[in-house]
Amino acid sequence: MQRAHSLRARASDLLTHHQHEAARELFEKALQSATQASNGTSKWDGIFKQENRGSLSAECRELMHSCLLNLAMVENKLGRHNQAVERCTRAANLDPDYPRAYRLRAEAHLGMRALGEAEIDLRKVLSLSPDDMDAADRLAKVIARGNREKEEQEQSKRSAVRPVLLSEEKSEQGQTKALPPSTGREPARQSGDASLRQELSEVCLLYTSPSPRDS
């Protein structure tokens, strides 16, 4: 455990000097060392007295929890938000009542534009720490941002539908104009029918009128 504590201290010092990548590597080593020590207490239970086992196990969990949260913070700073979410989830499993795990996970979700997940985590922070004004302020901003994005999406959908409707309307108008005029040939046809009737009438008269030979 001494090695794990030493690695965490060195990593914290690097973090204060903004050496994030180097700090991440040492926090990772400290986490591995603490995890091995925790597994060791389970494997060698018979060696320790009951009170020592409990104390060492709690120390390991505290160190693992601390390293996971620091790793999550560093991952966020490096833009590795998926890894930050994973670290925070592991930390929350170790201590479900510690608000910082949910705060850092909300920050990671915001980095991935996952507003719904960020809102859930910020609400969890406030349920554990109702006086956290910073979390309340962030939650209000996340909700407002989510509402704006929903409104923009709806407006975008409406804007996308309008050109389609206009195009369909123009298409229908074009088809109507393309139809041959129904009145252009009607008079000619009616005139032709009248001439035909006149000719038939004259023929009938020829057949019905008495010929000079009958008179």
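**Exercise 1. The overall plan**

Which pattern does the chain follow when read along the sequence?

*Solution.* Before starting, keep in mind that this is a predicted model. Step one is to count the elements: the secondary structure comes to eight helices and zero strands. Step two is to put them in order, which gives the pattern α-α-α-α-α-α-α-α. Step three is to look at burial, where 28% of the 215 residues of the chain count as buried. Finally, turn to contacts between residues at least 6 apart in sequence: 57% of them join residues at least 24 apart.

**Exercise 2. The nonpolar core**

Find the largest nonpolar core and say which helix supplies the largest share of it.

*Solution.* Begin with a general idea: in soluble globular proteins, nonpolar side chains tend to be buried together. In this model, the largest nonpolar core has 33 residues, and Phe-27, Leu-31 and Cys-67 are those with the most contacts inside it. Next, see who contributes: helix H1 (2-16), helix H2 (20-43), helix H3 (50-77), H4, H5, helix H6 (115-128) and helix H7 (133-178) each supply at least two residues of this core. The largest share, eight residues, comes from H3.

Now zoom in on Cys-67. Setting aside residues up to four places away in sequence, Cys-67 touches Arg-8, Phe-27, Ala-30 and Leu-31. Phe-27 and Leu-31 have already appeared beside Cys-67 among the residues with the most contacts in the core.

**Exercise 3. Two alanines of helix H2**

Are Ala-23 and Ala-34 buried or exposed, and which residues do they touch?

*Solution.* Take Ala-23 to start with. Ala-23 has its place in helix H2. Its relative accessibility is 0%, and buried means under 20%, so Ala-23 counts as buried. Not counting residues up to four places away in sequence, Ala-23 touches Ala-11, Leu-14 and Leu-15. Ala-23 and Val-74 are 51 residues apart along the chain, yet their C-alpha atoms are separated by 7.9 Å.

Then repeat the steps for Ala-34. Ala-34 is also placed in helix H2, and with a relative accessible area of 0% Ala-34 is buried. Its contacts, again leaving out residues up to four places away, are Met-1, Ala-4, Cys-60, Leu-63 and Met-64. From Ala-34 to His-65 there are 31 residues in sequence and 9.7 Å in space, C-alpha to C-alpha.

**Exercise 4. Helix H5 and its two partners**

Work out how H5 is oriented relative to H4 and to H6.

*Solution.* Start with H4. The axes of helix H4 (residues 81-94) and helix H5 (residues 99-111) come within 9 Å and cross at roughly 160 degrees. Angles over 145 degrees count as roughly antiparallel, so H4 and H5 are roughly antiparallel to each other. Their crossing is left-handed. The contact involves residues of H4 including Val-85, Cys-88 and Ala-92, and residues of H5 including Ala-101, Leu-104 and Ala-108. Sorted by type, the residues of this contact are nine nonpolar, four polar and one charged.

Now move to H6. H5 and H6 pack at an angle of about 160 degrees, with their axes 8 Å apart. That makes H5 roughly antiparallel to H6, and this crossing too is left-handed. Among the residues that meet here are Tyr-102, Arg-105 and Leu-110 in H5 and Leu-115, Asp-121 and Leu-128 in H6. This contact divides into nine nonpolar, one polar and five charged residues.

**Exercise 5. Leu-110 under the lens**

Which residues are in contact with Leu-110, leaving aside its neighbours within four places in sequence?

*Solution.* First locate Leu-110: it lies in helix H5. At 24% relative accessibility, Leu-110 counts as partly exposed. Its contacts are Leu-115, Ala-118, Val-142 and Arg-145. Of these, Val-142 is 32 residues away from Leu-110 in sequence and 8.5 Å away in space, C-alpha to C-alpha.

**Exercise 6. Positive phi in two loops**

Where do His-18 and Arg-113 lie, and what is the phi of each?

*Solution.* A general reminder helps here: most residues other than glycine have a negative phi. His-18 has a positive phi, near 60 degrees. His-18 sits in the loop between H1 and H2, and at 60% relative accessibility His-18 counts as exposed. Arg-113, which is not a glycine either, has a positive phi of about 60 degrees. Arg-113 is found in the loop between H5 and H6, and a relative accessible area of 52% makes Arg-113 exposed.

Methods
Residues are numbered from 1 along each chain as its sequence is written. This is a predicted model: local features need pLDDT of at least 70, side-chain atom pairs count only at pLDDT 80 or more; totals for chains, interfaces and linings use all residues. Side-chain values use heavy atoms; hydrogens and water are left out. Axes are lines fitted to C-alpha atoms, for helices over the stretch in contact, and angles run from 0 to 180 degrees between N-to-C directions. Helices (H or I, at least four residues) and strands (E, at least two) are DSSP runs, numbered from the N terminus. Angles under 35 degrees count as roughly parallel, over 145 as roughly antiparallel, 65 to 115 as roughly perpendicular and the rest as oblique. A crossing is left-handed if the near helix is turned anticlockwise from the far one by less than a right angle, and right-handed if clockwise. Contact means heavy atoms within 4.5 Å. Ala, Val, Leu, Ile, Met, Phe, Trp, Tyr, Cys and Pro count as nonpolar, Asp, Glu, Lys and Arg as charged, and the others, Gly among them, as polar. A nonpolar core is a set of buried Ala, Val, Leu, Ile, Met, Phe, Trp, Tyr and Cys residues joined through side-chain atoms within 4.5 Å. Buried means under 20% relative accessible area, exposed over 50%, partly exposed in between (1.4 Å probe, protein chains only).
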